[in-house]
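Here are a few short exercises to work through with the model open beside you. Try each task before you read its solution.

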Amino acid sequence: YTHKTPSDYIATILGNIQISDAHSLPVVIRENCSVYNAIVTMFTEDVSTIMIVSEGGFLEGVVSRKDLLKASMGDRNLTELPVKVAMTRMPNIIVTTPDEPVLDAAKKLLNHQVDALPVVKVVVVDKTEKLQVVGRFTKTNITRLFVQLADTGYSI
Ligand code: ADP
């Protein structure tokens, strides 16, 4: 028999749970949206990261609370200012996929110091790969999973 440490068990469990078991619905806006509308969406949808998509739901960028705070400083008209100027854009977006183990995605959140990852499916449009946004994976999802594992457990 092989001797398993508690850390082996935790790694096995978290390595077996996939993003598709733990992610949330995406909150997206179009790339021509204003900074003002992005801020309103952040409040009404109660999220801290919004994904910016083109027609068809393809990932263009993400905008965080601090991005919008920064864009709000100074004397600019936020209803006229496109969210595009404030977002972090592709290809610099760290993403996850439905079949990725949550442990790997959690490491991405830590290593890149971000709060959320877009969950994407790769689709080929006109011979180019595009990322279709199907969800978001956040630190809250990890907290929920953490509590669920303690409350209801997990069978390996
Ligand atoms: P906040 O800035 O509100 O603390 P984050 O720490 O998530 O939120 O974001 C820090 C920076 O990283 C922001 O400029 C944001 O646009 C960018 N960012 C957020 N999520 C991602 C991601 N998944 N991939 C790449 N950059 C991201």
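Helices and strands here are DSSP runs, numbered from the N terminus, with at least four residues for a helix and at least two for a strand. Please keep in mind that this is a predicted model.

**Exercise 1. Find your way along the chain.**
Work out how many helices and strands the chain has, and in which order they come.

*Solution.* Start by counting: there are 5 helices and 6 strands in the chain. Next, follow the sequence from its start, and the pattern reads α-β-α-β-β-α-β-α-β-β-α. Finally, look at the overall extent: along the principal axes, the C-alpha atoms fill a box of roughly 65 × 40 × 25 Å.

**Exercise 2. Check the backbone in two loops.**
Locate the cis peptide bond, then find where Asp46 sits and what its phi angle is.

*Solution.* Step one: the cis bond joins Met90 and Pro91, with omega at about 10°. Pro91 belongs to the loop between strand 4 (88-89) and helix 4 (102-111). Step two: go to the loop between helix 2 (35-45) and strand 2 (49-54), where Asp46 is found. Asp46 is not a glycine, yet its phi is positive, at about 55°.

**Exercise 3. Describe the pocket.**
Which residues lie closest to the centre of the largest pocket, and which elements supply its lining?

*Solution.* Begin with the space itself, which is about 420 Å³ for the largest pocket. This pocket is lined by 17 residues, and Ser64, Asp67, Gln113, Val114 and Asp115 are the closest to its centre. Then turn to the elements: strand 3, helix 3 and strand 5 each give the lining at least two residues. Sorted by class, the lining has 7 nonpolar, 6 polar and 4 charged residues.

**Exercise 4. Place the ligand.**
Where does the ligand sit, and which polar atoms of Ser64, Thr88 and Ile94 lie by it?

*Solution.* First, the ligand sits in the largest pocket. Second, 15 residues surround the ligand, with Ser64, Asp67, Thr88, Ile94 and Asp115 the closest. Strand 3 (58-64), helix 3 (65-72) and strand 5 (116-125) each provide at least two residues of this shell, which divides into 7 nonpolar, 4 polar and 4 charged residues.

Third, take the atom pairs one by one, using a cut-off of 3.5 Å between N or O atoms for a polar contact:

- Ser64 has a polar side-chain atom 2.9 Å from an oxygen atom of the ligand.
- Thr88 has a side-chain N or O atom 2.7 Å from an oxygen atom of the ligand.
- Ile94 has a backbone N or O atom 2.8 Å from a nitrogen atom of the ligand.

Last, consider cover: on its own the ligand has 540 Å² of accessible area, and the protein covers 83% of that.

How values were computed
Residues numbered from 1 in each chain as written. Predicted model: local features only at pLDDT ≥ 70, side-chain atom pairs only at ≥ 80, totals over all residues. Heavy atoms only, no water. Near = heavy atom within 4 Å. Polar contact = N/O pair within 3.5 Å; in protein donor to acceptor, adjacent residues only side chain to side chain. Areas by Shrake-Rupley, 256 points an atom, 1.4 Å probe, with all protein chains shown as cover. 1 Å grid on protein atoms, 1.4 Å probe; cavity = no way out; pocket = protein on both sides within 12 Å on 5 of 7 lines; lining within 4 Å. Sits in = over half its atoms within 2 Å of the grid points. Nonpolar A, V, L, I, M, F, W, Y, C, P; charged D, E, K, R; others polar. Points joined across faces, edges and corners; volume = space filled by probe spheres on them.
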